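User: Please take a close look at a single helix in this model and explain how it sits in the rest of the fold. A connected account would be best, working outward from that part.

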Amino acid sequence: MGPPGREGRGTPTQNDGKTLLANGGNADMRSEHDRVCPVERAGALDAGFRRWLQNPRRILAPCVREGMVALDVGCGPGFFTLPMAEMVGTTGRVFAVDLQEGMLEKLRDKIIGTPLEDRIVLRKCTEDSLGVTEPVDFVLLFYMVHEVPDKDGFFRQIAGVLKPTGSVLVVEPPVHVSKSAFETTLRIAEAAGLRRSQGPRVTLSKTAILQKG
Ligand SMILES: C[S@@+](CC[C@H](N)C(=O)[O-])C[C@H]1O[C@@H](n2cnc3c(N)ncnc32)[C@H](O)[C@@H]1O
């Protein structure tokens, strides 16, 4: 799924997992603009059929508890951020982090003036820095790791903010992220100090849970 006018590489044709992707496959030397899911695709990330295929509460239920500090990296327009904020409750907090201000604006529009506004901290990050240093109980990396060019540096930062008892849920899309590419990603995470175990079933996806060694 490329930015408008750049069709041809991984351009989606169906309302399945592929419509949720940026320019397909693993991150490479393409510019951030070409590699990252554009803000114009935010509507597909929020589509009603997705709630049916990938119910956020069901996916998050094994990992998210009241009072937790959670981190949604590559939050996009907040498909998972809002349910996550409801699940951590008034005593918890969610850091919603994205490279693109346009995605954060869409999320800001949804929460402004609602009770969730006080629980969600929006942070614009860069490729090199997450911009979050607070220790967290849970990290969600949903359909975003394949857009990260420096996975080693990225997972080291995730390990750095994760509490010793914390966990990370990694979910990657089908087809565009092959089994071997996902395996390579998990090896990089392990080298960064994160032990892997089997993730939950998520429609159309590859999943893993990561915890500190
Ligand atoms: C395909 S979207 C998925 C959004 C959301 N996780 C969801 O499942 O609805 C990928 C998102 O990750 C963001 N992203 C890509 N690389 C990132 C990085 N290194 N750090 C933070 N966000 C990133 C993009 O801007 C985009 O909003």
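Analyst: The part to start from is helix α5, residues 81–88: seven of its eight residues are buried, so the rest of the structure largely encloses it. The model is a predicted one, and what follows describes that prediction.

The buried positions of α5 are Thr 81, Leu 82, Pro 83, Met 84, Ala 85, Met 87 and Val 88. An α-helix has 3.6 residues a turn, so residues three or four places apart point the same way. The cover over the buried residues of α5 comes from several elements, including the helices α4 (56–60) and α6 (101–111) and the strands β1 (69–73), β2 (93–98) and β3 (120–124).

Just past the end of α5, Gly 89 adopts a positive phi of about 75°. Thr 90 follows in the loop that leads from α5 to β2. In contrast to the buried positions of the helix, Thr 90 counts as exposed, because 11 C-beta neighbours lie inside 10 Å of it and the limit for exposed is 12 or fewer. Thr 90 has a C-alpha to C-alpha distance of 9.9 Å to Met 68, from which it is separated by 22 residues in sequence.

The loop from α5 ends at β2, and β2 forms a right-handed β-α-β unit with α6 and β3. Its two strands run parallel and are joined by five bridges; in one pairing, Ala 96 has Leu 122 of β3 as its bridge partner. Those three elements are also among the ones that cover α5. Within α6 lies Gly 102, which is partly exposed because 14 other C-beta atoms fall within 10 Å, a count between the limits for exposed and buried. Gly 102 comes within 8.7 Å of Gly 76, C-alpha to C-alpha, with their positions 26 residues apart in sequence.

Gly 76 leads to the ligand. It is listed with Cys 37, Gly 74, Met 144 and Glu 147 as the closest of the 24 residues that surround the ligand. By class, that shell holds 18 nonpolar, three polar and three charged residues.

The strands that help cover α5 belong to a wider sheet. This open sheet has seven strands in the order β3-β2-β1-β4-β5-β7-β6, and its pairing is mixed. Its edges are β3 and β6 (194–198), each of which pairs on one side only. From one strand to the next the twist averages 20°. Helix α7 (residues 151–161) packs on the sheet, where it touches β1, β4 (136–142), β5 (162–172), β6 and β7, and its direction makes about 140° with that of β5.

From β1, the sheet continues to β4 through three bridges between parallel strands; here Asp 72 has Leu 140 of β4 as its bridge partner. Strand β4 resembles α5 in its surroundings: seven of its seven residues are buried, so it too is largely enclosed by the rest of the structure. On the other side, six bridges join β4 to β5, again in parallel, and Leu 140 stands opposite Leu 169 of β5. A second right-handed β-α-β unit consists of β4, α7 and β5.

Two loops around these elements contain non-glycine residues with positive phi. Tyr 143, with a phi of about 55°, is placed in the loop between β4 and α7. It counts as buried because 26 C-beta neighbours lie inside 10 Å, where 20 or more are needed. Val 175 has a phi of about 60° and is placed in the loop between β5 and α8. Val 175 is partly exposed, with 13 other C-beta atoms within 10 Å.

Past that loop, helix α8 (residues 179–191) lies across β5, β6 and β7 and runs at about 140° to β6. The antiparallel part of the sheet includes β6 and β7 (residues 206–212), which are joined by five bridges; Leu 194 has Lys 212 as its bridge partner in β7.

For the protein as a whole, the secondary structure comes to eight helices and seven strands. Buried residues account for 42% of its 213 residues. Of the contacts between residues at least 6 apart in sequence, 68% join residues at least 24 apart. Against that background, α5 has seven of its eight residues buried, with β1, β2, β3, α4 and α6 among the elements that cover them.

Methods:
Residues numbered from 1 in each chain as written. Predicted model: local features only at pLDDT ≥ 70, side-chain atom pairs only at ≥ 80, totals over all residues. Near = placed C-beta within 6 Å. Nonpolar A, V, L, I, M, F, W, Y, C, P; charged D, E, K, R; others polar. Helix = DSSP H or I, 4+ residues; strand = E, 2+ residues; numbered from the N terminus. Contact = placed C-beta atoms within 7 Å. Pairing = 2+ DSSP bridges. Axes fitted to C-alpha atoms, helices over the stretch in contact; angles between N-to-C directions. Right-handed = clockwise from strand over helix to strand, strands pointing away.
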